[in-house]
Amino acid sequence: MYAPPAGIGPELGDVEVFSAGDEIHLFHLTLPNHDVVQHVVSDDGLSWRALPAAIRTSDPGEGPDDDMIYTMSVTEHAGTYYMVYTALGRAEQGRIQRIAVATSTDLIRWTKHAGNPVAEADRRWYEAEPLPGGRVSWRDPKPIKVGDTFYAVVCGREAEGPFLRRGCAALMASDDLVNWEVRPPLFAPRRYWDLECPQVFTVDGHYYLTAGIMEDRSQRYWQAPAFEGPYTIPTDGGFLAPMGHYAGRVCRWQDMDLFYCWHRPILLQGQFADYDWPAFGTRINTYGRIAPPPLQLIRRTDGSLRRASFPGWEAYREAPAAPFEASSRTAFQGRAARGWSVSVAAGADMVTGAQDLGDFLFEGTVTFDAPSAGFGLRLDERGGGYFVEVAPGREDISLQKWLPPVEQPTYAYQEIQRGWMYHPVEAGRAMPFRLLSVGAYLELELDGEVVLATLSGQRVGGGVGLWAESGSAHIEDARLSPMRQPANR
């Protein structure tokens with residue numbers, strides 16, 4: 001996980017990821033001022049080290065970005081790196097967004113183009129004047145090379161159509177990443193206010209478009225037979241990442257297609273939830289967004305994209321996976337237990353591991369044969385902890401936190417995240433699973449699909465278990481690896 005250094009101050013904003021050889025470079029906005037693009041680099045995709053800031057806002061009156069800088073992207077062309085970014089000027093009180101460019105030969109030292117800005121919204125197709133109290137959306141450019149031409153999708157809004165539904169993936173074209181021609185929208189779904197941080201990318205030679213949706217803070221995607229489209233919702237419903245993941249970028253690194261983003265837990269209707277950090281000692285900034293570990297994107301045979309756990313976690317095992325023994329008695333009913341099996345005719349029961357854990361990877365094959373069942377982690381002897389709930393016959397998976405509140409004798413309950421399987425869970429069918437808990441990070445891959453990925457630091461250690469209500473659950477080949485945490489420096 002990555003965020004700016006601890007303290008009440010700068011907060012991580014939208015990210016860009018760029019692969020260069022064996023390294024991944026992460027650039028990010030710095031909130032709340034939007035005055036600097038920070039830069040960190042990783043050689044394993046999980047641990048980050050700081051580099052000098054890339055660009056900063058210009059001095060007053062010295063450039064079109066003398067107010068704020070919004071989301072950027074990095075593209076290499078003929079040995080030069082081009083940062084195409086969003087510039088906001090003081091002359092319009094930051095209400096008009098334009099596109100600017102900076103260049104570098106080493107990814108470290110950047111020079112702004114003397115002819116900035118290089119593009120702005122064209123009123124033939126896009127809103128180009130701010131309404132009273134409003135702004136012009138023309139931000140978050142992300143180029144892709146198709147043939148000999150660079151095309152950049154931009155967060156823009158159509159000039160006509162239902163006012164609340166004009167958000168589109170606007171389009172620009174260039175031969176050199178400096179001189180841009182604005183073109184009609186690539187994709188205008190007539191459904192959303194804005195498509196934030198849009199990106200066209202390919203997986204196995206097939207085209208996809210992803211964007212952050214402001215209305216519910218979701219990260220969605222569409223597929224197309226060619227760059228020009230048409231872009232349609234895939235068979236899995238078009239959610240690219242678990243809820244709380246937002247404003248993401250996809251990059252190709254070491255033969256993997258990786259999705260990076262920022263994350264903040266959300267409640268219903270796209271409202272942010274506060275982080276719960278009291279037990280999470282860390283140097284990272286705990287006041288807002290955090291860049292979580294990446295997810296690997298893999299194309300299914302029907303064209304939709306599967307989210308898999310990042311293979312880079314293998315290097316963070318403290319020891320090889322070893323058989324994981326269960327306790328001799330169940331946790332809720334106090335019955336004799338036989339390995340990783342729980343069966344109860346009425347009510348709920350849970351079988352747990354024989355010891356408490358800190359950072360770990362728990363894996364094996366699980367079978368659910370109950371109306372409601374799942375996993376528990378960070379458990380205590382009072383029945384509290386974090387609980388994954390699975391309901392055979394349904395696609396949704398729930399992560400719940402059930403802990404005693406501070407200095408009160410009762411309890412506090414919250415659903416932290418809800419995820420979805422590609423197919424409904426089948427009762428009685430064995431599925432591989434990987435349950436990862438490292439620091440505040442929680443991730444569940446079930447049947448090859450990452451269905452939960454979030455952060456919660458109110459409790460970061462405790463027991464691990466398997467539970468069921470009015471039925472049974474069973475784990476075969478239960479294995480455990482102690483894990484170490486990635487470092488930020």
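This section describes the overall form, strand pairing, backbone features and internal spaces of a predicted model.

The chain of the predicted model contains 30 strands and 0 helices. Along the principal axes, the C-alpha trace extends over about 75 × 45 × 45 Å. The radius of gyration is 24 Å, which agrees with the value near 23 Å that a compact globule of 489 residues would have. Of the 489 residues, 58% are buried.

One open sheet comprises 4 strands in the order β9-β10-β11-β12, and its pairing is antiparallel. Its edges are formed by β9 (138-146) and β12 (180-187), each of which pairs on one side only. On average, and with direction ignored, neighbouring strands of this sheet are turned by 30° against each other. Within the sheet, β9 and strand β10 (residues 149-157) run antiparallel and are joined by 7 bridges. One position of this pairing involves R139, whose bridge partner in β10 is C155. In a regular strand, side chains point alternately to the two faces of the sheet.

The loop between β11 and β12 shows two residues of note. D176 is located in this loop and is counted as partly exposed, because its relative accessibility is 26%. In sequence D176 is 26 residues from F150, while the C-alpha atoms of the two residues are 7.5 Å apart in space. L177 also belongs to the loop between β11 (167-174) and β12. Although L177 is not a glycine, its phi is positive, at about 70°. With a relative accessible area of 0%, L177 is buried, since a value under 20% is the criterion for burial.

A second residue with such a backbone conformation is A78, which is not a glycine and has a positive phi of about 55°. A78 occupies the loop between β5 (68-77) and β6 (80-88). Its relative accessibility of 71% places A78 among exposed residues, because the limit for that class is over 50%.

Cis peptide bonds were also identified. One of them joins L31 and P32, with omega at about 5°; P32 lies in the loop between β2 (23-31) and β3 (36-42). Another links N116 to P117, with an omega of about 0°. P117 is situated in the loop between β8 (111-112) and β9, the latter being an edge strand of the open sheet.

Further along the chain, strands β18 and β19 form a hairpin. Strand β18 (residues 295-299) runs antiparallel to β19, and 5 bridges join the two. Within this pairing, R299 stands opposite L305 of β19. The hairpin has 5 residues between its strands, and G303 in the turn adopts a positive phi of about 95°. Strand β19 (residues 305-309) is largely enclosed by the rest of the structure, because 4 of its 5 residues are buried.

Spaces open to the outside and spaces closed off were treated separately. The largest pocket holds about 430 Å³ of space. Its lining consists of 19 residues, and those nearest the centre are K142, P143, Q199, V250 and R252. Two or more lining residues are contributed by each of β1 (11-20), β5, β9, β13 (195-203) and β16 (245-253). The lining of the largest pocket divides into 10 nonpolar, 4 polar and 5 charged residues. Strand β9 therefore takes part both in this lining and in the open sheet, where it is an edge strand.

The structure also has 2 cavities of 30 Å³ or more. The second largest cavity encloses about 40 Å³ of space. Its lining is made up of L377, V388, L399, L435, L442, E443, L444 and L452. Strand β28 (residues 441-446) makes the greatest contribution to this lining, giving 3 residues. By residue class, the lining of the second largest cavity comprises 7 nonpolar residues, no polar residues and 1 charged residue.

Notes: Residues are numbered from 1 along each chain as its sequence is written. This is a predicted model: local features need pLDDT of at least 70, side-chain atom pairs count only at pLDDT 80 or more; totals for chains, interfaces and linings use all residues. Side-chain values use heavy atoms; hydrogens and water are left out. On a 1 Å grid over the protein atoms alone, a cavity is a set of points where a 1.4 Å probe fits but cannot get out, and a pocket is an open set with protein on both sides within 12 Å along at least five of seven lines; lining residues have an atom within 4 Å of a point. Grid points are joined across faces, edges and corners, and a volume is the space filled by probe spheres set on the points. Ala, Val, Leu, Ile, Met, Phe, Trp, Tyr, Cys and Pro count as nonpolar, Asp, Glu, Lys and Arg as charged, and the others, Gly among them, as polar. Two strands pair if DSSP finds at least two bridges between them. Axes are lines fitted to C-alpha atoms, for helices over the stretch in contact, and angles run from 0 to 180 degrees between N-to-C directions. The radius of gyration is taken over C-alpha atoms; the globule rule is 2.2 Å times the number of residues to the power 0.38. Buried means under 20% relative accessible area, exposed over 50%, partly exposed in between (1.4 Å probe, protein chains only).
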